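Dear colleague,

Please find below the structure I promised to hand over to you. My notes on what was found in it follow directly after.

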Amino acid sequence: MTDDPALGLYQVLHDDGSVDEAHDPKLDDETLLRLFRHMVHIRIVDERMLARQRQGKVGFYGASTGQEATPIVTGMLLQEQDWVFQALREGAIMLVRGFPLDTWLAQIYGNEGDVAKGRQMPMHMSGRAVNHVSWSSCLGPQLPQAVGMAWAAKLKGHEDVISVAFTGDGATSEPDFHAAMNFAGVYKPPCVIVCQNNHWAISVPVSKQTASPTFAIKARAYGLPGIRVDGNDVLALWSVLSAAFERARKGEGPTFVEALTYRIGAHSSSDDPTRYRSEEEVERWRQKDPIARFERYLRAKGLVTDDSRKALEEEITAEVLEAIRKVEEHGLPARETVLDDVFVERPWHLEEQRQELLAGPVAPKAAH
Ligand SMILES: Cc1ncc(C[n+]2csc(CCOP(=O)(O)OP(=O)(O)O)c2C)c(N)n1
């Protein structure tokens with residue numbers, strides 16, 4: 001064992017649901033149950049939407065199954081004025097921060113209910129209402145964007161704003177990761193960078209991604225604190241992320257957090273993970289499932305029972321199915337909106353193209 005937070009693994013909740021009393025953040029019952037509800041919620045959304053993808057209703061989906069704890073704890077801890085720059089698997093933060101589920105789903109369908117008017121690839125959600133920025137698909141740009149945004153907030157004197165950025169283990173090999181970490185170390189903007197180390201970047205294992213003993217240790221070279229936390233441990237994440245957010249908010253500088261977790265499902269609906277990893281490995285991580293582990297803790301405290309669990313599942317499933325029903329009623333985005341929101345004044349050549357488009361034949365409506 002090591003005392004170095006960048007090399008060790010901060011844990012509070014044991015696999016059997018018992019807790020390390022000395023480090024228990026002692027959350028009240030309401031907070032514990034809200035965390036649980038949000039985690040169960042996104043798991044059900046993921047299951048339902050993967051099924052919709054298989055039915056041909058949406059083109060692409062990337063689930064966060066097994067990795068729910070980090071986004072949910074983040075969403076619960078952030079304040080209204082904070083900004084989020086997600087990677088692929090943190091869209092649930094928007095839902096925790098109050099973004100409507102049907103509008104969130106509309107992004108995946110790319111229909112007229114989508115705030116981005118169907119012009120982004122599915123799973124690239126954003127929402128100005130909750131200060132949530134879409135990721136860019138190419139790996140990494142959200143990181144310099146997040147430190148830059150935090151720096152801008154500092155320059156403008158918005159002292160209470162912080163930004164949080166996410167990266168996978170794979171994206172740490174991108175130049176943008178290093179640019180962002182260096183900027184964070186030098187300028188100390190109010191920012192927290194979280195690496196969800198889920199062991200795989202599609203088919204590339206962590207062992208091919210870095211020769212460092214952990215990702216958290218990389219922070220040291222850039223001059224910022226790095227801490228490695230069990231990303232399937234809700235209580236440990238609560239302590240680590242709240243301390244990092246508070247540090248940024250107090251102007252004490254950025255933190256780099258490595259959340260050790262595992263992608264239980266496929267990389268995305270386009271991936272077949274059986275071609276590169278063993279079922280045995282997946283099963284080992286299933287035993288560490290963040291929801292099941294937290295549930296054992298809540299049951300031991302008497303906060304969850306068989307009946308309450310069943311009722312929660314039924315209530316959330318009904319809510320999700322209703323949101324899906326609602327979103328599937330939308331039509332395609334109006335074609336005259338295709339060039340909206342790009343220029344304050346549309347250049348003449350784009351206006352010409354838009355007119356040509358409007359004069360042309362109308363495409364048949366896609367069936368949902
Ligand atoms: C610059 C760039 N290279 C490659 C890809 C293709 N790609 C999409 S996701 C992905 C793996 C990302 O792995 P990681 O950062 O660990 O995040 P995870 O998907 O595991 O959450 C790759 C290689 C891409 N989108 N952009």
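**Overall fold**

In the protein chain, 75% of the contacts between residues at least 6 apart in sequence join residues at least 24 apart. Please bear in mind that this is a predicted model.

The protein chain has 12 helices and 8 strands. Its radius of gyration is 21 Å, close to the 21 Å that the globule rule gives for 368 residues, so the chain is as compact as a globular protein of that length. Along the principal axes, the C-alpha atoms fill a box of roughly 70 × 50 × 40 Å. Of the 368 residues, 42% are buried.

The domain assignment divides the chain into domain 1, residues 21–333, and domain 2, residues 334–368. The C-alpha centres of domain 1 and domain 2 are 34 Å apart.

**The nonpolar core**

The largest nonpolar core contains 89 residues, and those with the most contacts inside it are Cys 191, Val 192, Ile 193, Leu 237 and Val 257. Helix H8, residues 234–249, supplies the largest share of this core, with 10 residues.

Which residues does Val 192 contact, leaving aside its neighbours within four places in sequence? They are Ile 162, Val 164, Ala 244, Phe 245, Ala 248, Pro 254, Thr 255 and Val 257.

Arg 249 also lies in helix H8. With 16 other C-beta atoms within 10 Å, Arg 249 is partly exposed, because a residue counts as buried only from 20 such neighbours upwards and as exposed at 12 or fewer. Not counting residues up to four places away in sequence, Arg 249 touches Asp 160, Ile 162 and Pro 190. The C-alpha atoms of Arg 249 and Asp 82 are separated by 9.7 Å, although these residues are 167 places apart along the chain.

**The ligand shell**

There are 17 residues around the ligand, of which Leu 139, Gly 168, Gly 170, Ala 171 and Ala 201 come nearest. By character, the shell divides into 8 nonpolar, 5 polar and 4 charged residues.

**Helix H4 and the loop after it**

Helix H4 spans residues 101–109, and its buried residues are Trp 104, Leu 105, Ala 106, Gln 107, Ile 108 and Tyr 109. These buried residues pack against helix H1 (29–54), helix H3 (92–96) and helix H11 (306–327). Gly 110 follows H4 and has a positive phi, near 65 degrees.

Two residues in the loop between H4 and strand E2 deserve your attention when you inspect the backbone. Lys 117 lies in this loop, with E2 at residues 132–133. The phi of Lys 117 is positive, near 55 degrees, in a residue other than glycine. Lys 117 has 19 other C-beta atoms within 10 Å and is therefore partly exposed. Asn 131 is found in the loop between H4 and E2 as well. Asn 131 is not a glycine either, yet its phi is positive, at about 50 degrees. Is Asn 131 buried or partly exposed, given the cut-off of 20? Asn 131 has 20 other C-beta atoms within 10 Å, so it counts as buried.

**Two further positions**

Phe 36 is placed in helix H1. Phe 36 has 22 C-beta neighbours inside 10 Å and so counts as buried. Beyond residues up to four places away in sequence, Phe 36 touches Phe 294, Glu 295, Leu 298 and Val 304. For one of these, Leu 298, the C-alpha atom is separated from that of Phe 36 by 8.8 Å, with the two positions 262 residues apart along the chain.

Tyr 276 is placed in the loop between strand E8 (255–260) and helix H9 (279–286). Tyr 276 is partly exposed, with 13 other C-beta atoms within 10 Å. The C-alpha atoms of Tyr 276 and Pro 205 are separated by 9.2 Å, and the two residues are 71 apart along the chain.

With kind regards

Conventions
Residues are numbered from 1 along each chain as its sequence is written. This is a predicted model: local features need pLDDT of at least 70, side-chain atom pairs count only at pLDDT 80 or more; totals for chains, interfaces and linings use all residues. A residue is near a molecule or strand if its C-beta atom, placed from the backbone, lies within 6 Å of it. Ala, Val, Leu, Ile, Met, Phe, Trp, Tyr, Cys and Pro count as nonpolar, Asp, Glu, Lys and Arg as charged, and the others, Gly among them, as polar. Domain bounds come from an automatic or database domain assignment. A nonpolar core is a set of buried Ala, Val, Leu, Ile, Met, Phe, Trp, Tyr and Cys residues joined through C-beta atoms within 7 Å. Helices (H or I, at least four residues) and strands (E, at least two) are DSSP runs, numbered from the N terminus. Two residues are in contact if their C-beta atoms, placed from the backbone, lie within 7 Å. The radius of gyration is taken over C-alpha atoms; the globule rule is 2.2 Å times the number of residues to the power 0.38.
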